[in-house]
Amino acid sequence: WRRARTLITDNRPLLDAFAHHLLANEVLEREDIEQLLEQYRAGELGSVEDAEVGGNGSGRADQVEPGVAQLAAAERLESEGSDPR
């Protein structure tokens with residue numbers, strides 16, 4: 001779990017770029033992935049700090065509202081995390 005979290009945190013700008021591309025185009029072709037990877041490796045995608053908006057302190061301006069599936073998954077993860085098995 002820690003390794004997965006670290007991978008996500010370390011590569012957040014790339015994952016955000018994938019998500020934004022998918023939201024805009026509904027598909028992510030191999031060429032798109034390669035282009036985004038090149039931009040990420042060149043430092044052109046910015047960092048998590050660069051993506052945050054300080055205007056009203058509300059977080060990210062481009063944050064997408066979670067859907068029902070995301071909310072259900074988050075609730076499930078929270079309940080599993082508190083389960084002392």
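Author: Buried means under 20% relative accessible area, exposed means over 50%, and partly exposed lies in between, with a 1.4 Å probe and protein chains only. The structure is a predicted model, in which local features need pLDDT of at least 70, side-chain atom pairs count only at pLDDT 80 or more, and totals for chains, interfaces and linings use all residues. Residues are numbered from 1 along each chain as its sequence is written, and side-chain values use heavy atoms, with hydrogens and water left out.

Reader: Which residues of α2 are called buried?

Author: In α2, the buried residues are Pro13, Leu14, Asp16, Ala17, Phe18 and His21. Over the protein chain, 11% of the 85 residues are buried.

Reader: What makes aspartate 16 count as buried?

Author: Aspartate 16 has a relative accessible area of 13%. Because buried means under 20%, aspartate 16 is buried. Aspartate 16 belongs to helix α2, and its C-alpha lies 9.2 Å from that of leucine 45, although the two are 29 residues apart in sequence.

Reader: How do you know how many helices and strands the protein chain has?

Author: Helices (H or I, at least four residues) and strands (E, at least two) are DSSP runs, numbered from the N terminus. The protein chain has 5 helices and 0 strands, and along the sequence the pattern reads α-α-α-α-α.

Reader: How do you know whether the span of α2 is close to the expected one?

Author: The expected span is 1.5 Å times one less than the number of residues. Helix α2 has 14 residues, and the distance from its first C-alpha to its last is 20 Å, close to the 20 Å expected. For α3 (residues 30–41), with 12 residues, the reach is 16 Å, close to the expected 16 Å.

Reader: Why is the pairing of arginine 12 and aspartate 16 called a salt bridge?

Author: A salt bridge requires a side-chain nitrogen of Lys or Arg within 4 Å of a carboxyl oxygen of Asp or Glu. The side chains of arginine 12 and aspartate 16 meet at 2.9 Å, N to O, so the pair satisfies the cut-off. Both residues lie in helix α2 (residues 12–25), 4 residues apart, about one turn of the helix. An α-helix has 3.6 residues a turn, so residues three or four places apart point the same way. Unlike its buried partner, arginine 12 is partly exposed, at 35% relative accessibility.

Reader: How many salt bridges does a search of the whole structure find?

Author: The search finds 2 salt bridges. One of them joins glutamate 34 to arginine 30, with the closest N and O atoms 2.9 Å apart. These residues both lie in helix α3 and are 4 residues apart, about one turn of the helix.

Reader: Is arginine 30 buried or exposed?

Author: Arginine 30 is at 61% relative accessibility, and it counts as exposed because this is over 50%. Glutamate 34, at 37%, is partly exposed.

Reader: What makes glutamate 26 notable in its phi?

Author: Glutamate 26 has a positive phi of about 65° although it is not a glycine. It lies in the loop between α2 and α3, and it counts as exposed at 70% relative accessibility. Just after α3, glycine 43 also takes a positive phi, of about 80°.

Reader: Which residues of α2 and α3 meet?

Author: Contact means heavy atoms within 4.5 Å. From α2, Pro13, Leu14, Ala17, Phe18 and His21 meet Asp32, Ile33, Leu36, Leu37 and Tyr40 of α3. By class, this contact has 8 nonpolar, 1 polar and 1 charged residues, where Ala, Val, Leu, Ile, Met, Phe, Trp, Tyr, Cys and Pro count as nonpolar, Asp, Glu, Lys and Arg as charged, and the others, Gly among them, as polar.

Reader: What does alanine 17 touch, residues up to four places away in sequence not counted?

Author: With those residues left out, alanine 17 touches Leu36 and Leu45. Alanine 17 is buried, with a relative accessible area of 13%. Its C-alpha is 9.0 Å from that of tyrosine 40, 23 residues apart in sequence.

Reader: Which residues is leucine 22 in contact with, leaving aside its neighbours within four places in sequence?

Author: Leucine 22, which lies in helix α2, is in contact with Val27 and Leu28 once those neighbours are set aside. At a relative accessible area of 36%, leucine 22 is partly exposed.
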